[in-house]
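Visitor: Please walk me through this model, starting with its strands and then turning to its aromatic side chains.

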Amino acid sequence: LVLYKVISGNSANMSDEFTFSVKIDGESGEKYYVEFGSYETGNFVKTSENPIVLTSGTAQDVTLGNNDAIKIYGLDSNDAYTIEEKGDNTNGYTLKIDDVADDDGITNGVISADKVIKYENNKEAATPTGIAMTVAPYIIMVAAAAGVAVLFLRRRNNEF
């Protein structure tokens, strides 16, 4: 099972990190090995030598930033997983899980084959297009024309 994080959008902070609660439900006391890395071009790339161990039935918090990933080893078919992103829709972000909009940040299922889960937080800001782009150019042209008119049409007072 691979879980990876993507941060996107024109207003997103690419250094933001998000906390995930990961829980695997398998046989009582079963242990699962978790490596940290990144997810690049469809492949998990290990980047840390500090793995953690999950115990069946116990949730573990992990923190992931942009393009960070975890890979969980030792899963059996029919092991169940529950993953929750805490604070997923805070700070103006909207969440998609596997490219589908999500409101609660929770995904779960049963392992039947290798699985990759993508969490994407997107933050977009509207581009200001109001008066500055529609009316301002015309105001500037009228002001320039008035300035030229004042310069050429003023009355000359020549006193000797």
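Visitor: In what order do the four strands of the open sheet run?
Guide: The model is predicted. The sheet is open, and its four strands pair in antiparallel fashion. The order of the strands is 6-2-8-11.

Visitor: Which are the edge strands?
Guide: An edge strand here pairs on one side only. That holds for the strands covering 60-65 and 106-110. These are strand 6 and strand 11.

Visitor: By what angle are neighbouring strands of this sheet turned against each other on average?
Guide: The angle is an average over neighbouring strands of this sheet, and direction is ignored. The value is 20°.

Visitor: How many bridges join strand 8 to strand 11, and which residue stands opposite T82?
Guide: Strand 8 covers residues 80-86 and runs antiparallel to strand 11, with five bridges between them. Opposite T82, in strand 11, stands N108.

Visitor: How many aromatic pairs are there?
Guide: Rings of Phe, Tyr and Trp pair if their centres lie within 6.5 Å. By this rule the count is four.

Visitor: What kind of aromatic pair do F18 and Y93 form?
Guide: The ring centres of F18 and Y93 are 5.4 Å apart, with 85° between the planes. Planes over 60 degrees apart count as edge-to-face. The pair of F18 and Y93 is therefore edge-to-face.

Visitor: How many residues apart are F18 and Y93, and are they buried or exposed?
Guide: F18 is in strand 2 (residues 17-25), while Y93 sits in the loop between strand 8 and strand 9 (94-97). The pair links distant parts of the chain, 75 residues apart. Both F18 and Y93 are buried.

Visitor: Why does the pair of Y33 and Y73 tie together parts that are apart in sequence?
Guide: The pair of Y33 and Y73 is tilted, at 6.0 Å centre to centre and 45° between the planes. Y33 lies in strand 3 (residues 31-40) and Y73 in strand 7 (residues 68-73), so the parts tied together are 40 residues apart in sequence.

Visitor: Is Y33 buried or exposed, or in between?
Guide: The class in between covers values from 20% to 50%. Y33 has a relative accessible area of 35%, and Y73 has 31%. Y33 therefore counts as partly exposed.

Visitor: Which residues make the nonpolar surface patch, and where is F152?
Guide: The patch has an area of about 480 Å² and is made by V148, L151, F152 and L153. F152 is exposed because its relative accessible area is 64%, over the 50% cut-off. The place of F152 is in helix 2 (residues 136-153).

Definitions and conventions
Residues numbered from 1 in each chain as written. Predicted model: local features only at pLDDT ≥ 70, side-chain atom pairs only at ≥ 80, totals over all residues. Heavy atoms only, no water. Patch = residues over 30% accessible without salt bridge, like charges linked within 9 Å, V, L, I, M, F, W, Y side chains within 5 Å. Areas by Shrake-Rupley, 256 points an atom, 1.4 Å probe, with all protein chains shown as cover. Salt bridge = Lys/Arg side-chain N within 4 Å of Asp/Glu carboxyl O. Helix = DSSP H or I, 4+ residues; strand = E, 2+ residues; numbered from the N terminus. Buried < 20%, exposed > 50% of the residue type's maximum accessible area, 1.4 Å probe, protein only. Pairing = 2+ DSSP bridges. Axes fitted to C-alpha atoms, helices over the stretch in contact; angles between N-to-C directions. Phe/Tyr/Trp six-rings, centres within 6.5 Å; stacked < 30°, edge-to-face > 60°.
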